[in-house]
Amino acid sequence: MTAVAHLIPEALPTTADMSERLVFEAFSQLGETWTVMWDVPVGQFGRPKAGLRQIDFLLLNDHLGVLIVEVKGGAVKAEEGEWFTQPRGSTKWKKLQQSPFKQAADQRYTLQRYLTNHLHIDRRSFAHAVALPATKVDGSLGPDAPRELILDVTDLRHPAAALRRVREHWGECPALSAGAVEAIVAKLRPSFTMTVVAAASAAEAAEGIERETRRQTEMVESQVRAYKALLSSDRVVVLGGAGTGKTVIAAKLARQLSSTGSRTLLLCHRAGVHAFLSNLLGQRSPQRAFDGDSDQALHVSAWSRLVNGVAARLGGSSISAASSNLADWLLEYRDSLAEPFDALVIDEGQEFTHDQIEALSWLLKDPDRSPLYIFADPFQHSGIFTTSTTDRRNKNVTYQWMPPIGASPVMLTTNCRNSSQIAEVAARFYPDTTPTPIVDGPAPTFHTVEGTRVLAETFQLVKRLLERDGFQANQLLVVPIDAERRDVEQAAKKAGISVVAIDQVHRFPLTPKDLRVAWGNADDVQGLEADVAVVAYRHRQDADVDELMRWLPREIYIATSRGRTTLHFVTDLEETDVLAMGAKHASAQEDRASEIEKAASDGNP
């Protein structure tokens with residue numbers, strides 16, 4: 001097999017002129033001692049003459065030097081020193097600004113100055129010629145166009161011999177020094193790799209996730225309309241795993257209900273989710289006291305803010321979430337309002353007991369028939385209202401939640417928060433069929449460090465993400481698992497990172513001007529998301545495995561699923577050990593998953 005020249009590029013684009021294609025094909029047969037470069041911009045050689053265009057072909061050979069070849073296709077003629085070309089298929093002649101030989105000479109001397117100054121190439125190594133691939137030339141075409149410098153259709157059949165003739169015309173050519181060809185190519189056609197900063201890579205995935213979120217929102221609205229039409233029911237439970245858009249959809253649905261004139265209450269459990277919803281809906285600061293008599297159609301509140309507002313209105317000191325009199329208090333509060341609520345939308349529904357939901361329905365105009373929508377992920381249930389504070393602190397919680405009776409279930413099946421790579425990690429810790437992700441992103445990164453260094457290395461990583469990888473502070477969410485607040489804040493301080501706990505923010509996400517990084521444990525960050533989730537976990541070496549498996553997979557699931565496009569996991573375990581815990585948990589939870597699925601299908605607990 002005959003060796004071909006080193007071609008740059010290896011093939012011409014389909015938009016290249018036919019004449020240049022013919023010359024390229026001819027030069028490609030020159031052999032491996034030749035380098036053929038096409039379309040080299042003259043503008044990169046300092047300050048070229050006005051009107052001087054790119055070099056059509058630049059040929060490099062250790063023994064024959066540097067040859068510039070200008071190509072003119074179609075028919076060619078000259079009249080009294082002025083040159084014309086006639087493109088293929090045309091009957092009109094086009095006047096050239098200058099002779100192609102003058103153009104080639106100008107290109108040669110411009111390049112010659114550039115390479116002599118930068119690479120010290122001998123001036124005698126340069127030459128130029130003109131290729132006329134569509135014509136046959138018998139003799140010279142003028143004083144600056146001797147036959148020796150012309151490559152016609154016949155010459156291009158044997159380009160090596162024709163180029164030696166061109167070289168001989170220009171006289172002695174000293175051999176290029178070792179490595180000169182490579183240096184010229186590197187100078188004129190540099191090869192480099194610009195590493196995409198992590199923030200830019202994440203932004204591409206985020207754009208796709210935003211598109212899917214919009215699509216998913218429209219889909220669920222159509223599902224709700226379908227259920228209302230089929231079942232004539234305004235009582236719907238929307239079930240979905242992390243990232244299925246429950247909070248965004250709940251907000252959009254509440255806004256839609258209020259836009260029709262219905263006084264709507266959008267209720268969540270956590271202060272962080274309240275901050276997110278308020279920001280999403282353009283509501284007033286969550287710090288304001290709850291006022292059910294305000295003239296706004298849409299009221300947004302977290303549970304604690306609601307019950308504090310109710311207690312203040314009724315003149316009580318506080319209202320217990322577990323009180324058997326909760327329904328009486330809420331009924332009394334409704335009767336004190338100028339108008340009761342027309343619709344109730346509950347996000348984080350898995351945190352509310354059946355008794356609480358029944359009590360909340362007394363805030364509605366018709367407790368039995370007014371619209372009530374509940375958005376929930378049973379596996380994210382924290383036991384906040386069903387378990388004592390001591391048991392929760394000791395992780396002694398039975399995590400279970402069933403949809404309320406009399407509500408039509410709608411299942412969300414598409415993950416429109418997480419990239420596929422993050423969803424794959426979180427799915428290992430989910431006890432049921434996981435929602436399907438549709439957007440790719442960067443692969444999650446596991447950082448294995450010494451146990452005593454987990455938090456310290458976590459915030460050193462945060463520092464690199466901010467200073468090296470191009471992220472802003474408000475794009476990050478740090479989720480330490482089973483870590484004390486003082487330890488987290490001390491580690492952040494030592495790394496020079498300003499942090500704020502999720503339960504202390506009144507707006508989420510934080511604004512770009514806010515230089516603080518938000519953090520929270522798994523229960524605090526439920527319902528929230530960020531472009532980058534940084535999870536920290538130090539393994540309890542002396543912990544009972546069965547005890548760990550009761551709570552740890554759930555917290556890893558919540559923590560890892562907060563990241564939209566980028567996930568970092570800092571731990572003293574190997575990646576395989578972390579993922580193995582998810583596989584073990586999934587196997588142990590098969591019966592529980594079947595039970596939840598059956599309850600959703602039957603509409604019964």
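The following questions and answers examine strands, helices and one buried threonine in this predicted model.

User: In what order do the 6 strands of the open sheet stand?

Analyst: The pairing within this open sheet is mixed. S1 and strand S9 (150-152) stand at its edges, each with a single partner strand, so one side of each is left without a neighbour in the sheet. The twist averages 20° from one strand to the next. The order of the strands is S1-S2-S3-S4-S8-S9.

User: Which residue of S3 stands opposite threonine 35?

Analyst: Strands of a sheet pair through backbone hydrogen bonds, either parallel or antiparallel. S2 and S3 take the antiparallel sense, with 6 bridges between them. Opposite threonine 35, the residue in S3 is leucine 60.

User: At about what angle does helix H1 run to S3?

Analyst: Helix H1 comprises residues 18-27 and lies across S1, S2, S3, S4, strand S8 (126-132) and S9. H2 also packs on the sheet, where it touches S3, S4, S8 and S9, and the direction of H2 makes about 150° with that of S8. For H1 relative to S3, the angle is about 5°.

User: What arc around the axis of H4 do its buried residues cover?

Analyst: In helix H4 (residues 180-188), the buried residues are Ala180, Val181, Ile184, Val185 and Leu188. Their arc is narrow enough to put them on the same side of H4. These residues pack against strand S1 (6-8), strand S2 (34-40), strand S3 (55-61), strand S4 (65-71) and helix H2 (100-119). The arc that they cover is only 135°.

User: How many of the residues of strand S14 are buried?

Analyst: Strand S14 spans residues 372-376 and is mostly covered. Leu372, Ile374 and Ala376 point one way, Tyr373 and Phe375 point the other way, and all are buried. The number of buried residues is therefore 5 of 5.

User: Which helix does the chain pass through in crossing from S13 to S14?

Analyst: Strand S13 (residues 343-346) is joined to S14 in the parallel sense by 3 bridges, and leucine 344 has leucine 372 as its bridge partner in S14. The β-α-β crossover from S13 to S14 is right-handed. The helix on this path is H10 (residues 354-360).

User: Which residue of S14 is the bridge partner of valine 236?

Analyst: Strand S10 (residues 235-239) and S14 run parallel and are joined by 5 bridges. The partner of valine 236 in S14 is tyrosine 373.

User: Which residue of S22 is the bridge partner of valine 479?

Analyst: In strand S19 (residues 476-481), 6 of 6 residues are buried: Leu476, Val478 and Pro480 point one way, and Leu477, Val479 and Ile481 the other. S19 runs parallel to strand S21 (residues 517-519), with 2 bridges, and leucine 477 stands opposite alanine 518 there. S19 also pairs in the parallel sense with strand S22 (residues 530-537) over 6 bridges. In S22, the partner of valine 479 is valine 535.

User: Does threonine 247 count as buried or exposed?

Analyst: Threonine 247 is found in helix H6 (residues 246-259). Beyond four places away in sequence, this threonine touches Val273, Phe276, Leu277, Asp347 and Gly527. Since its relative accessibility is 10% and the cut-off for burial is under 20%, threonine 247 counts as buried.

User: Which side chain forms a polar contact of 2.6 Å with that of threonine 247?

Analyst: The residues that threonine 247 touches include Asp347 and Gly527. The polar contact of 2.6 Å joins the side chain of threonine 247 to that of aspartate 347.

Conventions: Residues are numbered from 1 along each chain as its sequence is written. This is a predicted model: local features need pLDDT of at least 70, side-chain atom pairs count only at pLDDT 80 or more; totals for chains, interfaces and linings use all residues. Side-chain values use heavy atoms; hydrogens and water are left out. Buried means under 20% relative accessible area, exposed over 50%, partly exposed in between (1.4 Å probe, protein chains only). Helices (H or I, at least four residues) and strands (E, at least two) are DSSP runs, numbered from the N terminus. The arc is that of the directions from the helix axis to the C-beta atoms. Contact means heavy atoms within 4.5 Å. Two strands pair if DSSP finds at least two bridges between them. Axes are lines fitted to C-alpha atoms, for helices over the stretch in contact, and angles run from 0 to 180 degrees between N-to-C directions. A crossover is right-handed if, with the strands pointing away from the viewer, the path from the first strand over the helix to the second runs clockwise. A polar contact is a pair of N or O atoms within 3.5 Å; within protein, one must be able to donate a hydrogen and the other to accept it, and residues adjacent in sequence count only if both atoms are side-chain atoms.
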